[in-house]
Amino acid sequence: MTATDVPPIHLYDTRRRGVFAFEPLEAGKVGIYTCGPTVYGPQHLGNMRSQLVPDVLRRVLQAVGYQVTYVTNITDVGHLVSDADEGDDKIEAAAAREGATVEEITGRWTDQWATDRARLGCLPPDVLPRAAGHIPEQIDMVRTLEAQGRTYVIDDGVYFDVSTFDRYADFAGLSLDDLEATGRIEHIADKRHPADFALWKLSPPGVRRLQEWDSPWGRGFPGWHIECSAMATKYLGERFDIHTGGVDHIRVHHTNEVAQSECALDLSPWVSFWVHTEFLDLAGEKMSKSKGHVLLVDTLVERGLDPLAFRYFTLQAHYRQQQAFTLDAVAAADTALRRLLHHAVVARDAVGLAPGPTEAGGAAEVGDGATSETSVRSRELAVEFWTAMHDDLNTPRAMSVVSTVARDPELSPSQRWALLADFDQVLGFGFATASDPTSAGDVSDDPVIAARLEERQAAKAAKDFATADAIRDELAAEGIEIIDTPEGPKARRR
Ligand code: AMP
Ligand code: ZN
């Protein structure tokens, strides 16, 4: 009953526009690079979806035994207000606006991102390189491209000449004219083609920037795209297995990463699988007043929601589908997560296991101990779960298996616990150390509430669901939630 007894992992690769069986470049090892945050302001819940998806992918790979090296970067220089090499550097602009130093700005927002990632159950990256800490590596790559005759220098900086790379538009499945027509790639005077992009930006004469370095072309700073090529190569090797990011990066940022990397390194393909996360559509909740209209992990916490409910919510949709964000949907996920934790803790405690020191340790011990008790039913459910995960991360299907496991009457507590502990390698809900959320804030014994619960049970027994629902709604209006457990309904104050 493991992730290795099912069909191999298949993933959609943006470059080849299809689903393919995953094969690592080196047996047993996988390198993943994820484009990280530009640390000039808060990372919202949409950004965090693009962190959660590769975390799930990484965990699925680890569950089949791959040794994964997970690299994500911090963009602390070079990302201009427009992706098309125009406007101010986002971080310099934020520092000027807020009267803060660059270090204060980048430190503050790197911390927010790292804390929120952890709160969402994402494993820490193995390597977290900063763009500003890798200037020589970026200059080296630009020099290689220059030596190949693929660059030109104008007043504004050193540019990559896309006409020197035949396959430039292939990655996004577009033609050069399409790219020009998107309007996202705007014109900088003297650029030979609108799609040509900056490798090194020169500080204008007489202007001292907060972040600038000497280079063979003059003082300035790296273009945004070159950082990912240089840092991925440094930490994962010239070719690597998986590169992830949001779908908005396909047209410009990743197209440019591919062009400069495949040219400088003289190889193709640079990356075996490109995994892109569709957008979280935040439009429905744009009006959130907290934190200047930005929906954050903090916004969820302020509403009494567990950040892991957002992880649960994210898993309910396929990563290649847009997902509409609403606070109501995350609140529903929060309730579902609490029920799931309750079932997991009841099963775990019935098996008589003290919470383990770590998620993974707990899961392994329990899985081993429970194999003798594995039934046909538990095997079937494990196969369904892992088959779904291996099928291009079909998390909605996997989550429906999780719901079944939580309640299936055919499973003994130890079988239920063995399955949930096994699945938690990917789910990341921390079943091994969780406490039962239905007992926190438990007000079931309050005489007034107990009477209401009894009334509701009686209404349900009489099939008077309107009354039963009305009681649930009345309690909800008082901030009390009813959780139906195998031991009967419980009431919990949010
Ligand atoms: P940025 O800090 O703007 O460079 O974005 C960080 C990451 O978040 C990138 O991979 C983007 O593609 C991704 N991203 C931005 N907005 C969303 C969204 N609404 N849904 C999902 N991913 C997003
Ligand atoms: Zn990148």
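The exercises below concern ligand 1 and the pocket around it in a predicted model.

**Exercise 1.** Identify the residues that come nearest to ligand 1, and state which polar contacts they and Asn47 make with it.

*Solution.* Begin with the shell, which holds 16 residues, of which Gln43, Gly46, Ser50, Asp248 and Leu280 come nearest. Next, look for pairs of N or O atoms within 3.5 Å: a polar side-chain atom of Asp248 lies 2.3 Å from an oxygen atom of ligand 1, and a polar side-chain atom of Asn47 lies 3.0 Å from an oxygen atom of the ligand. Leu280 takes part through its backbone, where an N or O atom lies 2.9 Å from a nitrogen atom of ligand 1. Finally, consider the surface: ligand 1 taken alone exposes 490 Å², and the protein buries 90% of that.

**Exercise 2.** Determine which pocket ligand 1 takes up, and describe what lines this space.

*Solution.* The space taken by ligand 1 is the largest pocket, whose volume is about 680 Å³. Of its 31 lining residues, Gln43, His44, Asn47, Asp248 and His249 are the closest to the centre. Sorting the lining by residue class gives 10 nonpolar, 16 polar and 5 charged residues.

**Exercise 3.** Work out which helix gives the most to the shell around ligand 1, and which gives the most to the pocket lining.

*Solution.* For the shell, helix 1 (45-63) and strand 9 (240-246) are the elements that give two or more residues, and helix 1 gives the most, with 3. For the lining, helix 1, helix 6 (224-236) and strand 9 each supply at least two residues, and helix 1 again gives the most, with 5.

Notes:
Residues numbered from 1 in each chain as written. Chains lettered and ligands numbered in written order. Predicted model: local features only at pLDDT ≥ 70, side-chain atom pairs only at ≥ 80, totals over all residues. Heavy atoms only, no water. Near = heavy atom within 4 Å. Polar contact = N/O pair within 3.5 Å; in protein donor to acceptor, adjacent residues only side chain to side chain. Areas by Shrake-Rupley, 256 points an atom, 1.4 Å probe, with all protein chains shown as cover. 1 Å grid on protein atoms, 1.4 Å probe; cavity = no way out; pocket = protein on both sides within 12 Å on 5 of 7 lines; lining within 4 Å. Sits in = over half its atoms within 2 Å of the grid points. Helix = DSSP H or I, 4+ residues; strand = E, 2+ residues; numbered from the N terminus. Points joined across faces, edges and corners; volume = space filled by probe spheres on them. Nonpolar A, V, L, I, M, F, W, Y, C, P; charged D, E, K, R; others polar.
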